[in-house]
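This report follows a set of neighbouring strands and one helix. The reader is invited to look at the sequence and the structure before reading on.

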Amino acid sequence: MRRVLLAVVALSATLVAGCDDAGASPAAQTSTAPAAAAGGACQLLDFGMVNAKLGLNLSVAAGASMDNSFSCVLQSAAGSYPDLVLSVSTTTIGADVFGSDVQPKDAQAVPGLGVAGYQMPTPAAEKAGPGVEVGWLAGNKRIIKLSLRLAPGAGDDQAQAALPKMVELAKLIDLSSL
């Protein structure tokens with residue numbers, strides 16, 4: 001189980017690193033393709049839905065899949081942050097194992113999200129602002145994690161304000177399946 005989660009995290013980190021805007025041409029053209037066209041977990045996302053729920057302007061998508069894990073990164077064409085990362089992995093665990101082994105200890109439960117769900121703020125990182133994470137065990141035996149990382153300089157209050165919006169978005173995604 002932990003190997004699957006580590007693989008998803010590594011895959012997501014690779015995607016995020018690959019979407020860095022270092023070396024990007026200022027005249028680069030943005031794609032008008034829908035997020036789903038990127039494949040992977042992007043099939044569960046729509047730019048319009050995400051931007052409307054979160055109040056962002058994300059327009060670039062990168063998706064990947066490996067074995068039974070799928071991931072997607074959405075970013076603004078203007079830079080690396082804010083970004084939204086969605087990862088989905090199949091599982092055989094139940095809510096009890098999810099709560100004790102997958103859900104972070106300092107996370108708050110989210111009633112009504114999948115079989116079991118959680119939410120939590122995440123601290124700012126070296127090159128990124130604070131963020132939020134929502135994770136859940138879906139009824140179709142999938143572990144789903146949705147993370148939003150804000151731009152450097154964003155305040156913790158902005159991350160806190162994003163938590164309920166992320167939970168709403170997670171509930172919409174939970175109605176979908178790969």
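Strand β3 pairs with strand β7 (residues 142–149) in the antiparallel sense, over 8 bridges. The model described here is predicted. Two facing pairs illustrate this pairing: S89 has I143 of β7 as its bridge partner, and S87 stands opposite K145 in β7.

**Strand pairings**

Strand β3 covers residues 79–90. Strand β2 (residues 69–76) is also joined to β3, by 8 bridges, and these two strands run antiparallel. Within that pairing, L74 is found opposite L84 of β3. The connection from β2 to β3 is a hairpin with 2 residues. Strand β7, in turn, is joined to β6 by 8 bridges, again with antiparallel strands. There, V132 has L148 of β7 as its bridge partner. The hairpin of β6 and β7 has 3 residues between the strands, and K141 in this hairpin takes a positive phi near 60 degrees.

The pairings may be set side by side as follows.

| Strands | Sense | Bridges |
|---|---|---|
| β2 and β3 | antiparallel | 8 bridges |
| β3 and β7 | antiparallel | 8 bridges |
| β6 and β7 | antiparallel | 8 bridges |

**Burial of the strands**

How many of the residues of β3 are buried? Of its 12 residues, 10 are buried, and the strand is accordingly described as mostly covered. Strand β7 is likewise mostly covered, with 6 of its 8 residues buried. In a regular strand, side chains alternate between the two faces of the sheet.

**Helix α4**

Helix α4 comprises residues 156–174. Its 19 residues, at 1.5 Å a residue, should span 27 Å; the C-alpha atoms at its ends lie 26 Å apart, so the expected span and the model agree. The helix nevertheless has a kink of about 30 degrees at L163, shortly before the proline P164.

Which residues of α4 are buried? They are A159, A162, L163, M166, V167, L169, A170 and I173. L163, the site of the kink, is therefore one of the buried residues of the helix, given that buried means under 20% relative accessible area.

What covers these buried residues? The elements that do so include α2 (47–54), β5 (116–122) and β6 (131–138), together with β3 and β7. Strands β3 and β7, which pair with each other, thus both take part in covering the helix.

How values were computed: Residues are numbered from 1 along each chain as its sequence is written. This is a predicted model: local features need pLDDT of at least 70, side-chain atom pairs count only at pLDDT 80 or more; totals for chains, interfaces and linings use all residues. Side-chain values use heavy atoms; hydrogens and water are left out. Buried means under 20% relative accessible area, exposed over 50%, partly exposed in between (1.4 Å probe, protein chains only). Helices (H or I, at least four residues) and strands (E, at least two) are DSSP runs, numbered from the N terminus. Two strands pair if DSSP finds at least two bridges between them. The expected span of a helix is 1.5 Å times one less than its number of residues. The bend at a residue is the angle between axes fitted to the seven residues ending there and the seven starting there. Contact means heavy atoms within 4.5 Å.
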